[in-house]
Amino acid sequence: MLQAEHISKTFTRKHGTVTALDHVSITIKDGEFVAIIGPSGSGKSTLLLALGGMSAPSEGMVTYNSDSVYNWDVSKRAQWRAMQVGFVFQDITRPVIFQKDFHGISAYFPDFFVENKIIFFNEMLRKDVYI
(Lines give C-alpha, C1' and ligand atoms only; values in the text may rest on other atoms or scores of the structure.)
Protein backbone atom coordinates (compact mmCIF):
# COMPACT_ATOMS: atom_id res chain seq x y z
CA MET A 1 0.00 0.00 0.00
CA LEU A 2 1.29 3.44 -0.99
CA GLN A 3 0.40 6.31 1.31
CA ALA A 4 1.04 10.01 1.50
CA GLU A 5 0.32 11.46 4.91
CA HIS A 6 -0.14 15.23 5.19
CA ILE A 7 2.49 15.99 2.56
CA SER A 8 3.26 19.55 1.56
CA LYS A 9 5.65 20.82 -1.09
CA THR A 10 6.83 24.39 -1.33
CA PHE A 11 9.14 26.07 -3.80
CA THR A 12 11.01 29.31 -3.31
CA ARG A 13 10.81 31.62 -6.31
CA LYS A 14 11.94 35.20 -6.96
CA HIS A 15 8.48 36.52 -6.15
CA GLY A 16 8.07 34.42 -3.00
CA THR A 17 7.11 30.95 -1.85
CA VAL A 18 4.78 28.78 -3.91
CA THR A 19 2.82 26.01 -2.19
CA ALA A 20 2.26 23.20 -4.69
CA LEU A 21 0.85 20.72 -2.14
CA ASP A 22 -0.75 21.67 1.15
CA HIS A 23 -1.13 18.77 3.62
CA VAL A 24 -2.35 16.22 1.07
CA SER A 25 -3.14 12.66 2.16
CA ILE A 26 -3.92 9.70 -0.09
CA THR A 27 -3.92 5.92 0.24
CA ILE A 28 -3.47 3.69 -2.81
CA LYS A 29 -4.05 0.02 -2.17
CA ASP A 30 -2.09 -2.70 -3.96
CA GLY A 31 -3.52 -3.32 -7.42
CA GLU A 32 -5.49 -0.08 -7.58
CA PHE A 33 -5.44 1.95 -10.78
CA VAL A 34 -5.43 5.65 -9.92
CA ALA A 35 -5.74 8.73 -12.10
CA ILE A 36 -4.96 12.13 -10.59
CA ILE A 37 -6.96 14.81 -12.38
CA GLY A 38 -7.40 18.53 -11.88
CA PRO A 39 -6.78 21.91 -13.45
CA SER A 40 -3.38 23.12 -14.58
CA GLY A 41 -1.22 24.18 -11.66
CA SER A 42 -3.18 22.25 -9.04
CA GLY A 43 -0.22 20.07 -7.97
CA LYS A 44 -0.93 16.83 -9.85
CA SER A 45 2.60 16.36 -11.15
CA THR A 46 4.11 17.41 -7.83
CA LEU A 47 1.97 14.82 -6.04
CA LEU A 48 2.92 12.07 -8.49
CA LEU A 49 6.62 12.91 -8.22
CA ALA A 50 6.37 12.75 -4.43
CA LEU A 51 4.44 9.46 -4.52
CA GLY A 52 6.98 8.00 -6.94
CA GLY A 53 9.98 8.81 -4.79
CA MET A 54 11.32 11.38 -7.25
CA SER A 55 10.79 14.59 -5.27
CA ALA A 56 10.69 14.61 -1.48
CA PRO A 57 7.88 16.55 0.14
CA SER A 58 8.77 19.57 2.25
CA GLU A 59 6.59 18.14 5.02
CA GLY A 60 4.79 14.88 5.67
CA MET A 61 5.62 11.29 4.82
CA VAL A 62 5.32 8.95 1.83
CA THR A 63 5.27 5.28 2.77
CA TYR A 64 5.11 2.00 0.89
CA ASN A 65 3.90 -0.90 3.04
CA SER A 66 4.61 1.25 6.13
CA ASP A 67 8.24 1.86 5.07
CA SER A 68 9.24 5.49 4.49
CA VAL A 69 10.14 5.86 0.79
CA TYR A 70 12.45 8.83 1.41
CA ASN A 71 14.51 6.88 3.95
CA TRP A 72 15.65 4.72 1.02
CA ASP A 73 18.66 5.75 -1.04
CA VAL A 74 18.16 6.91 -4.64
CA SER A 75 19.10 3.51 -6.06
CA LYS A 76 16.55 1.65 -3.94
CA ARG A 77 13.83 4.15 -4.90
CA ALA A 78 14.67 3.71 -8.59
CA GLN A 79 14.51 -0.07 -8.27
CA TRP A 80 11.20 0.17 -6.41
CA ARG A 81 9.74 2.41 -9.14
CA ALA A 82 10.89 0.00 -11.83
CA MET A 83 9.41 -3.02 -10.07
CA GLN A 84 6.35 -1.76 -8.21
CA VAL A 85 5.08 1.55 -9.61
CA GLY A 86 3.91 2.57 -13.08
CA PHE A 87 3.47 6.06 -14.49
CA VAL A 88 1.59 7.31 -17.52
CA PHE A 89 2.81 10.84 -18.10
CA GLN A 90 0.41 13.49 -19.36
CA ASP A 91 2.89 14.95 -21.85
CA ILE A 92 2.35 12.97 -25.06
CA THR A 93 5.95 13.51 -26.16
CA ARG A 94 7.30 11.51 -23.22
CA PRO A 95 7.60 7.74 -23.29
CA VAL A 96 4.92 5.73 -21.58
CA ILE A 97 6.26 3.33 -18.98
CA PHE A 98 4.16 0.64 -17.34
CA GLN A 99 5.20 -1.97 -14.83
CA LYS A 100 3.18 -4.95 -13.60
CA ASP A 101 3.97 -7.87 -11.33
CA PHE A 102 7.77 -7.54 -11.64
CA HIS A 103 7.48 -7.89 -15.44
CA GLY A 104 7.51 -4.57 -17.23
CA ILE A 105 7.00 -3.37 -20.71
CA SER A 106 8.11 -0.06 -22.12
CA ALA A 107 6.45 1.59 -25.05
CA TYR A 108 6.60 4.90 -26.87
CA PHE A 109 3.32 6.24 -28.20
CA PRO A 110 3.85 9.69 -29.73
CA ASP A 111 0.37 9.68 -31.31
CA PHE A 112 -1.52 8.83 -28.11
CA PHE A 113 -3.27 11.50 -26.10
CA VAL A 114 -3.33 10.99 -22.34
CA GLU A 115 -6.88 9.59 -22.46
CA ASN A 116 -5.78 6.92 -24.94
CA LYS A 117 -2.80 6.02 -22.74
CA ILE A 118 -5.03 5.57 -19.71
CA ILE A 119 -7.51 3.43 -21.64
CA PHE A 120 -4.66 1.32 -23.09
CA PHE A 121 -3.03 0.66 -19.73
CA ASN A 122 -6.33 0.12 -17.97
CA GLU A 123 -6.96 -2.70 -20.43
CA MET A 124 -3.47 -4.09 -19.75
CA LEU A 125 -4.19 -4.20 -16.02
CA ARG A 126 -6.91 -6.72 -16.76
CA LYS A 127 -4.44 -9.10 -18.43
CA ASP A 128 -1.25 -10.85 -17.42
CA VAL A 129 1.56 -9.40 -19.50
CA TYR A 130 4.97 -11.07 -19.57
CA ILE A 131 7.88 -10.07 -21.75
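**Entry 1: the first hairpin**

I began at Ile 7 and looked for its partner across the strand pair. Ile 7 stands opposite Val 24 in β2. The model is predicted, so I kept the confidence values at hand. Next I checked Lys 9. The bridge partner of Lys 9 in β2 is Leu 21.

I then took the two strands whole. β1 covers residues 2–13 and β2 covers residues 16–28. Their pairing is antiparallel, over nine bridges. How many residues does the hairpin use to join β1 to β2? I found two residues in that connection.

**Entry 2: the rest of the sheet**

I turned to the other pairing of β1. Strand β3, residues 59–64, runs antiparallel to β1. Five bridges join β1 and β3. One register point went into my notes: Glu 5 has Met 61 in β3 as its bridge partner.

Which order do the strands take in the open sheet? I read β2-β1-β3-β4, four strands with antiparallel pairing. The edges are β2 and β4, the latter at residues 67–68. Each of these edge strands pairs on one side only.

**Entry 3: the whole chain**

I stepped back to count elements. The chain has three helices and six strands. In sequence order I wrote down β-β-α-β-β-α-β-β-α.

I looked up burial next. Of the 131 residues, 28% count as buried. The chain exposes about 8500 Å². Carbon and sulfur atoms supply 54% of that exposed area. I also checked the contacts with a separation of 6 or more. Residues 24 or more positions apart account for 48% of them.

**Entry 4: helix α1**

I listed the buried residues of α1, which spans residues 44–51. They are Lys 44, Thr 46, Leu 47, Ala 50 and Leu 51. Why do they line one face of the helix? Down the axis of α1 they fall within an arc of 165°, so they share one face.

What does that buried set pack against? I found β1, β2, β3 and α2, with α2 at residues 74–84. After α1 comes Gly 53. I noted its positive phi, near 75°.

**Entry 5: Gly 43**

I looked at the loop between β2 and α1, where Gly 43 lies. Is Gly 43 buried or exposed? Its relative accessible area is 11%, so I logged Gly 43 as buried.

Then I searched for its contacts, leaving out residues up to four places away in sequence. Gly 43 touches Ala 20 and Leu 21. Gly 43 and Ala 20 are 23 residues apart in sequence. Their C-alpha atoms are 5.2 Å apart. I had already met Leu 21 as the β2 partner of Lys 9.

**Entry 6: Tyr 70**

I moved to the loop between β4 and α2 and picked Tyr 70. I listed what Tyr 70 touches, again not counting residues up to four places away. The list includes Leu 49, Ala 50, Gly 53 and Met 54. Ser 55, Ala 56 and Pro 57 are also among the contacts. So are Val 62 and Arg 77.

I checked one of these pairs by distance. Tyr 70 and Met 54 are 16 residues apart in sequence and 9.1 Å apart in space, C-alpha to C-alpha. Which backbone oxygen does the side chain of Tyr 70 reach? I found the oxygen of Ala 50, at 2.8 Å. Ala 50 is also one of the buried residues of α1.

**Entry 7: helix α2**

I looked for burial in α2. Arg 77, Trp 80 and Arg 81 are buried there. They cover an arc of only 100° around the axis, which puts them on the same side of α2. Arg 77 had come up before, as a contact of Tyr 70.

The face turned away from the buried side carries Ser 75 and Gln 79, both exposed. I then checked the start of α2. A side-chain oxygen of Asp 73 reaches to within 3.2 Å of the backbone nitrogen of Ser 75.

**Entry 8: confidence**

I finished with pLDDT. The mean for the chain is 76, and 65% of its residues reach 70 or more. Where does pLDDT stay under 50? I marked residues 92–112, for which the model has 48 contacts beyond four places in sequence. I also marked residues 127–131, where pLDDT is below 50. Beyond near neighbours in sequence, that stretch has nine contacts in the model.

Terms used. Residues numbered from 1 in each chain as written. Predicted model: local features only at pLDDT ≥ 70, side-chain atom pairs only at ≥ 80, totals over all residues. Heavy atoms only, no water. pLDDT = per-residue confidence, 0-100. Contact = heavy atoms within 4.5 Å. Buried < 20%, exposed > 50% of the residue type's maximum accessible area, 1.4 Å probe, protein only. Areas by Shrake-Rupley, 256 points an atom, 1.4 Å probe, with all protein chains shown as cover. Pairing = 2+ DSSP bridges. Arc of directions from axis to C-beta. Polar contact = N/O pair within 3.5 Å; in protein donor to acceptor, adjacent residues only side chain to side chain.
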